[in-house]
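Biologist: Let's take this one question at a time, with cut-offs stated as we go. Shall we start with side-chain exposure?

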Amino acid sequence: MDVMPLLLLVAGSAAVAAAARRSPVPAPLLLVAAGLAVSYVPGVPEYTLDPHIVLPLVLPPLLHSAATDSSYLDLRAQMRPVMLLSVGYVLFATFTVGWAAYLVVPDLPLTAALVLGAVVAPPDAVAATAVARRVGLPSRITTILQGESLVNDATAITAYRVALAAAVGEGATWAGGIGEFLLAALGGIGMGLVLMVPIHWLRTHVREVLLQNTLSLLIPFVAYAAAEQVHASGVLAVVVVALYLGHRAWEVDFATRLQEEAVWKMVAFVLESAVFALIGLQLPVVLKGLGEYEGGRAAWYAIAVFVVVVVSRFVWVYPATFLPRMLSARIREREDNPTWKGPFIISWAGMRGVVSLAIAFSIPLTVHGGEDFPERNLILFLTFTTVIGTLVVQGVTLPSLVRLLKLPGRDAQAETLAEANAQAQASRVAELRLEELLADERNALPAPLADSLRAVLERRRNSVWERLGQANPVTGESVDDTYRRLSREVIGTERTMFVRLRDARHIDDEMLRTLLRRLDLEEAAAYREAG
């Protein structure tokens, strides 16, 4: 097996993603553009998306990472719009796009057109969260987009299986399709509910940090595989488990959380970068075999499908936003009256991604009778152009659109004030507990050490309030910023001295690693405080 193409993909996509952080262009768009540019460079190997790798090996960790970073409470509060998008919209888009393709493309059977509709129906989880973070969308819109993208893949994959069964001649029926959908949805949720408690119990009872992190990396694959074994939705199983673990992450040992956060950031960065680069690199693959559809006809079909995909989202989102309010007095009482701007952004933020391409590549070459699958290459091409079109057109214009509509972003001052109040309450409770502990003769400490513990609590309580105070007239830093900077300087000086002692053979390398780890934890704490 030649590993060089894989190494080139990972290294190249990581370099482009790192460069994107210094540019105004979101990383997914720059990676796709780089993939398109590189795809025809002489000597570049041909990269083909293998659905047997992407769906069970790439999708689960990406969903797990996105779900653990989400808020279970926020998603629960926005459950109605999330479900209307992740289930209702995906099914609506499947039929709308499928019917439009059936009307536009001659000789395309309706069943094959519905396969195309299911393939391009789900907006991408990675693209939605990446762009939402970059443009600073309001928290409610971000929650809705994240929640939709976590669940809609399950709906789309199930719809695809039903449409594919009809297309290849398995005699699918409406009753059978509804039954398969319910089995996938309820089975996936059920499997997640069954797995989440024992997995969390393991996470809180395994004390070895390396084993904890190994378990953490295995969790999404175990949840996905277990659900798929019983023909349920692996996507939903992964999301349910990840939401539960993220909600109760505070119960896990602090050292595990520190390492786990770093590990998952690295995993998500590598996979996200490689996935978007792979999308662009598919251009030579999808252009092969178009045959009679090459040129103007293929371009016309691509534009038509892209327009239907974009317009159908608007057609669904606006009624789904305002009709429930018109029909339910309870909704009107509980929720603020939305303006037209929020639904417009949600409608425009429907970028497609790697899941659509992976599903398209899984379309079989032949049907049950042995004939070629009808217009398979054209479906693959239309999926590719739709993914590229939504990423480029909608992804590029979304930041400008948010600024043009002047949507209110996150209120940094209000968030800092809420953080300060929370820290003050926690510190007061902790101070009372500390005094209780120090009153016990079993916990006797010298006065300087007891005062040091009290000073830590006071420092923690005051640090957030200081961020709201006046800045240093010379450096522009707050008192808290200066404190953290000086702390890091002092830690850096200690680290240099430890290395000099090792080089002079006063301590060995094992002791050096112990001392450096202690300093690294202190510096990590200072860095996390700095945000």
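Modeller: What is the relative accessible area of Glu435?

Biologist: Buried means under 20% relative accessible area, exposed means over 50%, and partly exposed lies in between (1.4 Å probe, protein chains only). Glu435 falls in the middle class, partly exposed, with a value of 38%.

Modeller: What kind of model is this?

Biologist: Residues are numbered from 1 along each chain as its sequence is written, and side-chain values use heavy atoms, with hydrogens and water left out. Local features need pLDDT of at least 70, side-chain atom pairs count only at pLDDT 80 or more, and totals for chains, interfaces and linings use all residues, since the model is predicted.

Modeller: Which residue meets Glu435 in a salt bridge at 2.7 Å, N to O?

Biologist: A salt bridge needs a side-chain nitrogen of Lys or Arg within 4 Å of a carboxyl oxygen of Asp or Glu. At 2.7 Å, N to O, the partner of Glu435 is Arg454.

Modeller: How many residues apart are Arg454 and Glu435?

Biologist: Helices (H or I, at least four residues) and strands (E, at least two) are DSSP runs, numbered from the N terminus. Arg454 sits in helix α20 (residues 447-467) and Glu435 in helix α19. The pair links distant parts of the chain, with a separation of 19 residues.

Modeller: Which residue joins Glu435 and Arg454 in a network of salt bridges?

Biologist: Arg454 is partly exposed, with a relative accessible area of 31%. The network links Glu435 and Arg454 with Asp451.

Modeller: By about how much of a helix are Glu436 and Arg433 separated?

Biologist: These two form a salt bridge, with the closest N and O atoms 3.3 Å apart. Glu436 counts as exposed at 52% relative accessibility, and Arg433 is partly exposed at 46%. An α-helix has 3.6 residues a turn, so residues three or four places apart point the same way. Because Glu436 and Arg433 are 3 residues apart in helix α19 (residues 412-439), their separation is about one helical turn.

Modeller: Is the pair Glu260 and Arg203 buried or exposed?

Biologist: Glu260 bridges to Arg203, the closest N and O atoms being 2.6 Å apart. The bridge spans 57 residues, from Glu260 in helix α12 (residues 254-281) to Arg203 in helix α9 (residues 174-205). Glu260 and Arg203 are both buried.

Modeller: How many salt bridges does the structure hold?

Biologist: The protein chain has 22 helices and 0 strands. The salt bridges in the structure number 12.

Modeller: How many residues are in the largest nonpolar core?

Biologist: A nonpolar core is a set of buried Ala, Val, Leu, Ile, Met, Phe, Trp, Tyr and Cys residues joined through side-chain atoms within 4.5 Å. In the largest one, Val115, Ile279, Ile345 and Phe373 have the most contacts inside the core. A second, separate core has 7 residues, including Ile491 and Phe498. The largest core has 122 residues.

Modeller: Which helices do the buried residues of α17 pack against?

Biologist: Helix α17 (residues 354-361) is mostly covered, with 8 of its 8 residues buried. Contact means heavy atoms within 4.5 Å. Ile279 touches Val354 and Leu357, among others, and both of these are buried in α17. The helices packed against are α3 (51-68), α6 (110-120), α8 (139-167), α12, α13 (283-287) and α18 (376-405).

Modeller: At which residue does α10 bend?

Biologist: Helix α10 (residues 209-229) reaches 30 Å from its first C-alpha to its last, close to the 30 Å expected (1.5 Å times one less than its number of residues). The bend is the angle between axes fitted to the seven residues ending at a position and the seven starting there. Pro220 follows the bend within four residues. The angle is about 35 degrees, at Leu218.

Modeller: How far apart in space are Ala14 and Val270, C-alpha to C-alpha?

Biologist: Ala14 is found in helix α1 (residues 4-20). Leaving aside neighbours within four places in sequence, Ala14 is in contact with Phe269 and Ser273. Ala14 and Val270 are 256 residues apart in sequence, yet their C-alpha distance is 6.4 Å.
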